[in-house]
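The following note sets out comments for a colleague who is examining the structure. The points move from the chain overall to selected elements.

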Amino acid sequence: GVFLEKRHHVRGSLEKGIQRLSFSPDGAWIETSTAGEDAQSGTTWIWNAKTGVLAHTLEGAGVGFSGFSPDSASVALVVQGSVRIYDVASGRAIRSLASGSGSWLKYVSFSPDGRFLLGVRDDRTLLVWSLASEDLILEVPGVANFSGPSCTLFTPDSSAVVMAAAD
């Protein structure tokens, strides 16, 4: 389980344990996830951080690194190799973005201005989607090194992507 503000202990169906935990930027929500049978599916829970109450259970959402939008209104999750964006308040899927190729997404992150979504596939391809058009606007194969979410990031002004990669 997870302790919130030393007052709340949240629990879920955690046979495999929590494999990811993140707070929304405004601190109102916590997202936790655990893997499914094939490690590309699983369950994600959205919790109210103030009360510790479970708000939503999102089945089929895998444990690739996810991200809350900068305004905390939505969360992007890796779901069976593609990206699904959920409305945090309702728990409903509001967008689905294809990742191309048969490779699995490992990581997704919103740009600081909330206009773009960054993804890294397990074939080391870097992807950037425009959220206004929902189009994949950049696909650069073989450049991304995935050692964790801090290895590929947007710059603070959302104008560029910075990667740390081993040659």
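Contact here means heavy atoms within 4.5 Å.

1. Contacts of Leu138. The model under discussion is predicted. Once its neighbours within four places in sequence are set aside, Leu138 is in contact with Leu126, Leu127 and Val128. The residue belongs to strand E14, which covers residues 136–140.

2. Exposure of Leu138. Is Leu138 buried, partly exposed or exposed? Its relative accessible area is 37%. Buried requires a value under 20% and exposed a value over 50%, so Leu138 is classed as partly exposed. As for distance, 9.9 Å separates the C-alpha atoms of Leu138 and Thr125, two residues that lie 13 residues apart along the chain.

3. Overall composition. The protein has 16 strands and zero helices. Of its 167 residues, 46% are buried. The exposed area of the protein is about 8,200 Å², and carbon and sulfur atoms supply 52% of this area. Among contacts with a separation of 6 or more, 35% are accounted for by residues 24 or more positions apart.

4. Burial of strand E8. Why can strand E8 be described as largely enclosed by the rest of the structure? The strand spans residues 74–79, and six of its six residues are buried, so the description follows from the burial of these residues. Burial is found on both sides of the strand: Ser74, Ala76 and Val78 point one way, Val75, Leu77 and Val79 point the other way, and all are buried.

5. Pairing of E8 with E7. Strand E7 consists of residues 67–68 and pairs with E8 in the antiparallel sense over two bridges. Within this pairing, Phe68 stands opposite Val75 of E8. The hairpin of E7 and E8 has five residues between the strands, and Ser72 in this hairpin takes a positive phi near 65°.

6. Pairing of E8 with E9. Over how many bridges do E8 and strand E9 pair? Strand E9, residues 82–87, pairs with E8 over six bridges, in the antiparallel sense. Val78 of E8 stands opposite Val83 in E9. Two residues lie between the strands in the hairpin of E8 and E9, where Gln80 takes a positive phi near 50°.

7. Points to examine in the display. Val75 may be viewed opposite Phe68, and Val78 opposite Val83. Val75 and Val78 point opposite ways from E8, and both are buried. For the backbone, the positive phi values to inspect include that of Ser72 in the hairpin of E7 and E8 and that of Gln80 in the hairpin of E8 and E9.

Technical notes: Residues numbered from 1 in each chain as written. Predicted model: local features only at pLDDT ≥ 70, side-chain atom pairs only at ≥ 80, totals over all residues. Heavy atoms only, no water. Helix = DSSP H or I, 4+ residues; strand = E, 2+ residues; numbered from the N terminus. Buried < 20%, exposed > 50% of the residue type's maximum accessible area, 1.4 Å probe, protein only. Areas by Shrake-Rupley, 256 points an atom, 1.4 Å probe, with all protein chains shown as cover. Pairing = 2+ DSSP bridges.
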